[in-house]
Amino acid sequence: MNKIIRAGIYIRVSTDEQAKHGYSIESQRTRLREWCVEHHYAIVDVYADEGKSARSKISNRKELLRLLDDVKSNKVDRIVIWRLDRWFRNVADFYRIQDILDKNDVDWECSDEDYNTSTSNGRLYLNIKLSIAQNESDQTSDRIKFNFDNMVKNKRPISGALPVGYTIEGTGYNKKVVKDPALSQMAIDMFDKFEETLSLRATTEYLIKTYPQRPIAYARVKAHLKNTMYQGLYRGVEDYCEPYITKERQQKMSFP
């Protein structure tokens, strides 16, 4: 009697990929479940890392770590993925994981791509494919960094996530970070209260009580007080935006 193969389905999709190409978690889940049924695999579990790029550190891919734990616990015989780029785009990370799989006699396969790692030619092809994927990923990262650096140099926002007291004004190439009239006083009070009390907790409690419409967590207050944007400095660009405090004043503040 043939042994039933226990399959772990691994899915990964980044936020950008899902938005641009529709590589959703559900579409991958459906495809891989059908594949397992066609091949008479027993599905152990589905491990889905959503919003994670292939460049994410292994430690940040929680479902991948859970899958590896099940591999080490002898719960999985084979890992099924949609395509190689769902698995890795980094040669070094791939072989770190492959070493774990080899030690536990677990193999993997793609539903929509064919790889054979049992031959020297198959392993060579895989190395080439991974190297190309990593190079493409590195080039994309370089282009993004160049674009971001250029935007910051021209004092344009690269993200909508801003510290309390700032907002984005304008559209397109005319966007810029400006003080938010609705929350400017909250930003001012945050620094004043911390200097008065020298306590992050007291400052946080004061802000929550005074500005209930904008709840803020202790960790966020600490991060804001350290944020150099409040002195007009962002990613090394001075006068990036209108400051709330001087550089000297911010540097005098100490945190626990």
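## A salt bridge, a sheet and its aromatic neighbours

Arg-31 and Asp-112 form a salt bridge, with 2.9 Å between the closest N and O atoms. This pair links distant parts of the chain. Arg-31 sits in helix 2, while Asp-112 sits in the loop between strand 4 and helix 6 (120-153). The two residues are 81 apart in sequence. Arg-31 is partly exposed, at 25% relative accessible area. Asp-112 is partly exposed too, at 41%. All of this comes from a predicted model.

### The whole protein

The protein has 256 residues, and 39% of them count as buried. It contains 10 helices and six strands. The exposed area is about 15,000 Å², and carbon and sulfur atoms supply 49% of that area. Consider contacts between residues at least 6 apart in sequence: 61% of them join residues at least 24 apart.

### The sheet

In what order do the four strands of the open sheet run? The order is 2-1-3-4, and the pairing is parallel. Strand 2 (42-50) and strand 4 (107-110) are the edge strands, each pairing on one side only. From one strand to the next, the twist averages 25°.

Strand 3 covers residues 78-81. Four bridges join strand 3 to strand 4, and the two run parallel. Within this pairing, Ile-79 stands opposite Trp-108 of strand 4.

Two helices lie across these strands. Helix 2 (residues 25-38) lies across strand 1 (6-13), strand 2, strand 3 and strand 4. Helix 2 runs at about 160° to strand 1. Helix 3 (residues 62-72) lies across strand 1, strand 2 and strand 3. Its angle to strand 2 is about 150°. Helix 2 is also the element that carries Arg-31 of the opening salt bridge.

### Salt bridges

How many salt bridges does the structure hold? The count is 16. Side chains of opposite charge can pair when their charged atoms come close. Three of the bridges are set out below.

| Pair | N to O distance |
|---|---|
| Arg-31 and Asp-112 | 2.9 Å |
| Asp-77 and Arg-6 | 2.9 Å |
| Lys-176 and Glu-169 | 4.0 Å |

Take the second row. The side chains of Asp-77 and Arg-6 meet at 2.9 Å, N to O. Asp-77 lies in the loop between helix 3 and strand 3, and Arg-6 lies in strand 1, so this bridge ties together parts that are 71 residues apart in sequence. Is Asp-77 buried or exposed? Asp-77 is buried, with a relative accessible area of 13%. Arg-6 counts as partly exposed, at 25% relative accessibility.

Now the third row. Lys-176 and Glu-169 meet through their side chains at 4.0 Å, N to O. Lys-176 counts as partly exposed, at 40% relative accessibility. Glu-169 also counts as partly exposed, at 42%. Elsewhere, Lys-3, Arg-6 and Asp-77 join into one network through salt bridges that share partners.

### Aromatic pairs

There are seven aromatic pairs. One of them joins Phe-94 and Tyr-95. Their ring centres are 4.9 Å apart, the planes stand at 85°, and the pair is edge-to-face. Phe-94 is buried, with a relative accessible area of 2%. Tyr-95 counts as partly exposed, at 34% relative accessibility.

Why is the pair of Phe-94 and Trp-108 edge-to-face? The planes of the two rings stand at 85°, so the pair takes that label, with the centres 6.0 Å apart. The cut-off for edge-to-face is an angle over 60 degrees. This pair also links distant parts of the chain: Phe-94 is in helix 5 (residues 91-103), Trp-108 is in strand 4, and 14 residues separate them. Trp-108 counts as buried, at 11% relative accessibility. Trp-108 thus has two partners described here: Phe-94 as its ring partner, and Ile-79 opposite it in the sheet.

A separate group is the aromatic cluster. Tyr-166, Phe-191, Tyr-230 and Tyr-244 form one cluster.

Conventions. Residues numbered from 1 in each chain as written. Predicted model: local features only at pLDDT ≥ 70, side-chain atom pairs only at ≥ 80, totals over all residues. Heavy atoms only, no water. Pairing = 2+ DSSP bridges. Axes fitted to C-alpha atoms, helices over the stretch in contact; angles between N-to-C directions. Contact = heavy atoms within 4.5 Å. Buried < 20%, exposed > 50% of the residue type's maximum accessible area, 1.4 Å probe, protein only. Areas by Shrake-Rupley, 256 points an atom, 1.4 Å probe, with all protein chains shown as cover. Phe/Tyr/Trp six-rings, centres within 6.5 Å; stacked < 30°, edge-to-face > 60°.
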